[in-house]
Every structure is written in structure tokens, then in C-alpha cells.
Amino acid sequence: MKPDIASSETALPPVPDWSGVAPRVPAPPPLPPRRKTRAVKVGNVVIGGDAPVSVQSMTTTKTDDWAATLDQVEQLAAAGCEIVRISVPDAKAAAACKKIKEGANVPLVADIHFDHRYALAAIEAGWDKLRLNPGNIRDPQKVREVVGAAKARVMPIRIGVNLGSLAPDIIERYGRTPAGMVESALRHIRILEELDFRDIVVSLKAHDVRVTVAAYREMAKHVDYPFHLGITEAGTTRTGTVKSSVGLGMLLAEGIGDTIRVSLAADPVEEVPVCWEILKSLGLRERGVEITACPSCGRVQVDILRLADAVEKITAEYKAPVKVAVMGCAVNGPGEASMADVGIAGGKGMGLLYRDGVMVRSLPEGKLLDGLREEIEKVIAERYPQYL
Ligand code: SF4
């Protein structure tokens, strides 16, 4: 049935008749093949190999306040964080490791600098991975102790190079450059390899997108260890989201990257959906409803921005990868709706509800949200019962 949206009263353009059009679009062209890497196990999550690119974040609580830390770990996990990193900066934090591990529902990474005793405490407490640069623990005997204990527990180590903390001799030779970051990582890697330790993940983070991308590209030529991607000190929510999306997006689109963290100067729980949106936008992972929403313009005759916002809120908890189009008018509405599971094309104080590109109902503006919710839930029940 041809939709009845373009009445003379609304003076909108004629609505294309999509009812005979195949409702689904062909799959987008594939990305280049993923870089081949070793696979390392972090608790029940695999990084590298054929494992999906995983999502990480980091707590901001005082680690020795184990209850507050666990609370944040839970919030991160509920938002979709698959691995949580926690700094272990002092003896009080090290003492809390056991309690935190007992209560955590996701794999934990201990972020250690300099003092090998805190690494040993996290290993002893059964954590799942260390972030530690062995070259920063000056005493070779202490490095051997930590690496031996990690090996015994099959616990990987991430070497995390930051542009801001390169060794003085590397800065002298290479400057703060991608080459310096790569050399720094290789130096730490050599220490682990000499101890026959190869459960390694590598990160090379800079605040600058171009430096970060160049460093990972170069590193990919030297090792087959999986990469943890991130733009460090990326900034506040807006700046950090853009920089991380551009930098991580460039690398992931080239097949580089096995686990990601978006660093925001904000509540860490906000980092998690950004990670997921990056992965979803490249078709690397599926999670939750994907909303296509028009920005609205002078043609719109319903409050489409508020509707899109409301749809995002009511579907935030849904895990099924349902595609929803929220469109303001007949210009792009039916077309976008034809590529979604459920769609709305607005008219004058009303909207047309589409299912698989076929118009199923016309609803007054006040009923659009409920109508969309109902249709989305039907799609989940029929197509994604595993998410119910
Ligand atoms: Fe304007 Fe949205 Fe209609 Fe596009 S779909 S013409 S942005 S109201």
C-alpha cells in the first residue's frame, strides 16, 4: 500500500512506493583482513587471534576503597565493558586486590608502575592480566620474579608505551616520535622474550591521532602480538570521543587492533558505549539497537529530535542488534526505513511506521514512541529470541 503521507495539506514531496523493494540492503564491502596475531587469554576473554575486538575501560576510584571500586567495576560491566583495568599504585591498593577479585564479574588488569611487589600481589590475588613495562622495574631479579609468577598463572602482560613517558635515551635518539615509541616497546618486549614469556599485548598511545596511528602501523611490521588500541589523554567527552573514533577507526579499518579503550576525562562508564559505537560502525561487533536518525531540517513537522532521543533512551538496555530508523519526513524516511528493521517517517503531527521497509501503520505523533517500542520488541521476539 502506498503511504498516505504526502497529502496536499502537508505539502510534502510524494512518497516513493517502497513496498515492492527488497527490504534489506546488501552487506557493505568487507574491511581488509585483520592482522594475524597470537591469541592471549585474559580470564574468559581472548585478545587477538580470531577473537572479536574487545572493549576495555579503567576504574577511577581509589583502589584501596574496594567496595567503591567493585561498584564501578559492576557499572562498567553492565555498560558492556569486557575487561576492566585498575591501578595498583601502593601497598593499600595491593592489599585490596583479593577482595576486588572475589567480587568482580569481569576479568581484571592490574596497572603497575615501578614496584614489582604490587604486581606480585595482583598475581597472587588471581587477577587476569598485568599492564607493566618490565624495563621500568630496574632490578632484573625482580623482573624475573614477576614474569615467572605471571607465567605460572598463564597471565598475560600488556606492555603499554605512552609518548609522554619514553626513556631519556630514546627521546635523545628518536625524539618523541612513533619510531621512539616502537623502539621503547621493542625494548620491553625483548626483556620478556629473553625470559621466554610471549603472552604479550602491546599498546602505543599518544595524545595525537597521527602519531598513534603511525606507531601502531610501524609496530605491526615487527611483532605478531595483539594490540590494545587507545589515544591517551584524548580529552573531554566530545574531544576524546572524536579523537578516539578517528584514531581507532583508522586502525581498525585497516585490520589493526584487538582490544580497545577510549580514554575520556569523564565518568569511565561513558567510555564504554563509545567503544561499542566505534566497533559497531565498522561492523566489527554487534551490540544493542543501532539507530539511524535524521538531523531534522525545515521540512520536519514532528519533533523528530526528541523522538530520536527518546528512542535511544528506551532502547539503551536492549542487547539485540535491531536497526531502527527515526526520520523526519518523506524525503529520506521511507528509504532509510527500508534498510532498517523498524522505521518511522514523520508527517504533519503524525508518522508512518515501517517494518522491513513496508509501511504497517500510521500513528499520531503522541503514539509514535510506543508504536516503535512495540514493533522493536516484536522484532526481538521473532528474530533475536536469545536476547529475551
Ligand atoms: Fe529533513 Fe529529516 Fe526529512 Fe531529511 S529526513 S529532509 S533531514 S526532515
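1. In this predicted model, a good place to begin is the pair formed by strand β1, residues 39-42, and strand β2, residues 45-48, which run antiparallel to each other and are joined over four bridges. Within this pair, Ala39 is placed opposite Gly48 of β2. The two strands make a hairpin with two residues between them, and Gly43, which sits in the turn, has a positive phi of about 60 degrees.

2. Turning to the overall layout, the protein is divided into domain 1, covering 39-281, and domain 2, covering 290-387. The C-alpha centres of domain 1 and domain 2 are 39 Å apart.

3. Which residues touch the most other members of the largest nonpolar core? This core holds 81 residues, and those with the most such contacts are Val88, Ala110, Ala119, Ala122, Leu130 and Tyr216. If residues up to four places away in sequence are not counted, Tyr216 touches Leu204, Phe227, Leu229, Leu251 and Ile256. Apart from this core lies another, of 28 residues, with Val324, Cys329, Leu352 and Leu353 among them. As general background, nonpolar side chains in soluble globular proteins tend to be buried together.

4. The ligand deserves a separate look, since a student can follow its surroundings residue by residue. Around the ligand stand Cys294, Pro295, Ser296, Cys297, Arg299 and Val300, together with Met327, Gly328, Cys329, Val331, Asn332 and Gly333. Sorted by class, this shell contains seven nonpolar residues, four polar residues and one charged residue. Cys329 therefore deserves attention twice, being named both in the shell around the ligand and in the core of 28 residues.

Conventions. Residues numbered from 1 in each chain as written. Predicted model: local features only at pLDDT ≥ 70, side-chain atom pairs only at ≥ 80, totals over all residues. Domains from an automatic or database assignment. Pairing = 2+ DSSP bridges. Near = placed C-beta within 6 Å. Nonpolar A, V, L, I, M, F, W, Y, C, P; charged D, E, K, R; others polar. Core = buried A, V, L, I, M, F, W, Y, C linked by C-beta atoms within 7 Å. Buried ≥ 20, exposed ≤ 12 C-beta atoms within 10 Å, placed from the backbone. Contact = placed C-beta atoms within 7 Å.
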